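I'm opening a fresh notebook page for a structure that is new to me. Here it is, before I start looking things up.

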Amino acid sequence: MAFARTCSVALVGVDGVIVEVQADLEPGVAAFTLVGLPDKALSEARDRVRAALVNSGEAWPQRKLTVGLSPASVPKSGSGFDLAVACAVLAAAERLDPSTIADLLIIGELGLDGRVRPVRGVLPSVLAAADAGYQRVVVAEQTVAEASLVPGVTVIGVRSLRQLIAILTGAPAPEEPPDPVAGRPDALMAGLMLPTAGVRGIPDDKASRLDLADVAGQYEARRALEIAAAGGHHLYLKGPPGAGKTMLAERLPALLPPLTQKEALEVTAVHSVAGLLPAGRPLIGSPPYCAPHHSTTMPAIVGGGSGLPRPGAVSLAHRGVLFLDEAPEFPVRVLDALRQPLESGEVVIARSAGSLRLPARFLLCLAANPCPCGRYSRRGEGCECTPTMVSRYQGRLSGPLLDRVDLQVQVAPVTRVELMERDSTAETTKTVAARVLAARERAATRLADTPWRTNAEVPGHELRTRWQLAPGALNDAAHQLERGLLTARGLDRVLRVAWTVADLAGRDRPDERDLRTALVLRTGVEQGLPLAGRAFGGSGGRASPDAVSKEDERIGPRPGGGDR
């Protein structure tokens, strides 16, 4: 028989498309033609497959060979089709029984010596295979753990083409070269990790050492951090340099609950496609953290690249935290591009080669100085910037973007006492994370029969009509709406934050105090008790007693919108 077929997967973003790999041998001058809209890397498979077959002890067919990738209208990229093409050629040449590969889905790159190299995107590829009904998948041995995350699929891991031929023919598996020398990195794993493909995160060893108790002072900012984690609310930290904004943001992912199995598969699929899946960790179980530099381009933030787009920072931060330090220094176009994914939880990218949707449900954390020199306040102490400079600097964050940020917190300078003396009341990350988890569970119980799981996801209409507030709780917010200080979107976000505050406090529904807390967190205008006492009753050592007593004596709004 001069025809054989098997299957592989083409990745379009983070979604897999089943591709039938067909091989046809005809009499004629020996030639190898590859059709089906391949890219440059896939076109070079002709040379890789030929060399791999010869070096594996197999004869190359001296006839006219045509390999087709169907559907031909779907762009195919990468080297993950090599192993499938080799098997189809061997079956067409009657070296393999075509029926043994017809129901297989094969993914892997071939080296010139016949070794099978791992490729990126194995998890979404196997997920697509399972959805299409395939029960057996062949992958490189290094990606067996990743492929095995998909239930109901039998995964066959191979080291070389010779080993796969032996498995398919029932012959004894040949001996393979030993593993790399201890202490030397495995060269075959290079295809899985692309160090320049993503944005900076927190290394695992550093993340394990970060603790919220290390932050000096900042009781209100800590409480805002807890509310953001409990409800999935976006956060804006504004304050002078050295106040602790970056320290707070780096500790935010540890406050978030562990990812569910479904969420972990979503995050792992994105990182696998992007080439950022850590070696030895086939499943990402903790919320990711992405902190791109302010010089990062639009495609690196939103997603893009030549040909079909690849995931950007908003997708790499899916189910985690996207931290934009020095936010006003980012290009205005990049910042405004975040508005759509902040609302929908996904990003739609259109390019000449096609359009695709990428997941982008992340918690946004912005950090900024009040002015270029960082010392601006309403009291004007030490600021060297002109009013025009301050206005231009603060105007880089557009109103529509800030309207989508639920919590806008003024981070005050750290005092000498807070910095030099040990604070016995400072809570650890573990303590705060336990409260966040309890609040999330309370919200999940309330939203059990809905498609939402956190307060930040609930539409405003549902909050206003489906779940009732305490009588009179909405009076202050309605007054702010009438005065034009709140937009309709802003009112909805105030309601979401109020429900989160009530969940953290253990109340069944928000009361007037919870709504006032949410208003202060959004507008920065004080309306009574300080944040620590207002949100949580000021008990349990959750705020500095001296700070609370001083704030209780203060009448009216604080100078500088919240500075101590």
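First, a term I need for the strand entries: two strands count as paired if DSSP finds at least two bridges between them. I also keep in mind that this is a predicted model.

**Entry: E10 and E17.** I looked up how strand E10, residues 235–238, sits against strand E17, residues 363–368. The two run parallel and are joined by four bridges. Checking lysine 238, I found alanine 368 of E17 standing opposite.

**Entry: the sheet around them.** Which strands make up the open sheet, and in what order? I read off five strands with parallel pairing, ordered E11-E14-E17-E10-E18. At the edges I noted E11 (289–290) and E18 (407–410), each of which pairs on one side only.

**Entry: the largest nonpolar core.** Next I went looking for buried side chains. The largest nonpolar core has 52 residues, and the ones touching the most other members are Leu235, Leu252, Cys365 and Leu515. Which helix gives the most to this core? I found helix H23, residues 488–505, with eight residues.

I then listed what leucine 235 touches, leaving out residues up to four places away in sequence. Among its contacts are Ala224, Leu225 and Ala228, and I also noted Leu364, Cys365 and Leu366. Val405, Leu407 and Val409 are on the list too.

There is a second core, separate from that one: it has 42 residues, including Leu53, Val89, Ile106 and Val138.

**Entry: the N-terminal strands.** I moved to strand E1 (residues 3–12) and strand E2 (residues 15–26). They run antiparallel, with ten bridges joining them. Phenylalanine 3 has aspartate 24 of E2 opposite. How many residues lie between E1 and E2 in their hairpin? I counted two, and glycine 13 in the turn shows a positive phi of about 70°.

E2 has another partner to write down: E2 and strand E4, residues 64–70, pair in the antiparallel sense over seven bridges. Here I followed glutamine 22 across and landed on glycine 68 in E4 as its bridge partner.

**Entry: threonine 431.** Last, I picked a single residue in helix H20, which covers residues 429–446. Is threonine 431 buried, partly exposed or exposed? Its relative accessible area is 36%, and partly exposed means between 20% and 50%, so I put threonine 431 down as partly exposed. I also checked threonine 431 against leucine 212: they are 219 residues apart along the chain, yet their C-alpha atoms are separated by 9.5 Å.

Notes: Residues numbered from 1 in each chain as written. Predicted model: local features only at pLDDT ≥ 70, side-chain atom pairs only at ≥ 80, totals over all residues. Heavy atoms only, no water. Core = buried A, V, L, I, M, F, W, Y, C linked by side-chain atoms within 4.5 Å. Buried < 20%, exposed > 50% of the residue type's maximum accessible area, 1.4 Å probe, protein only. Contact = heavy atoms within 4.5 Å.
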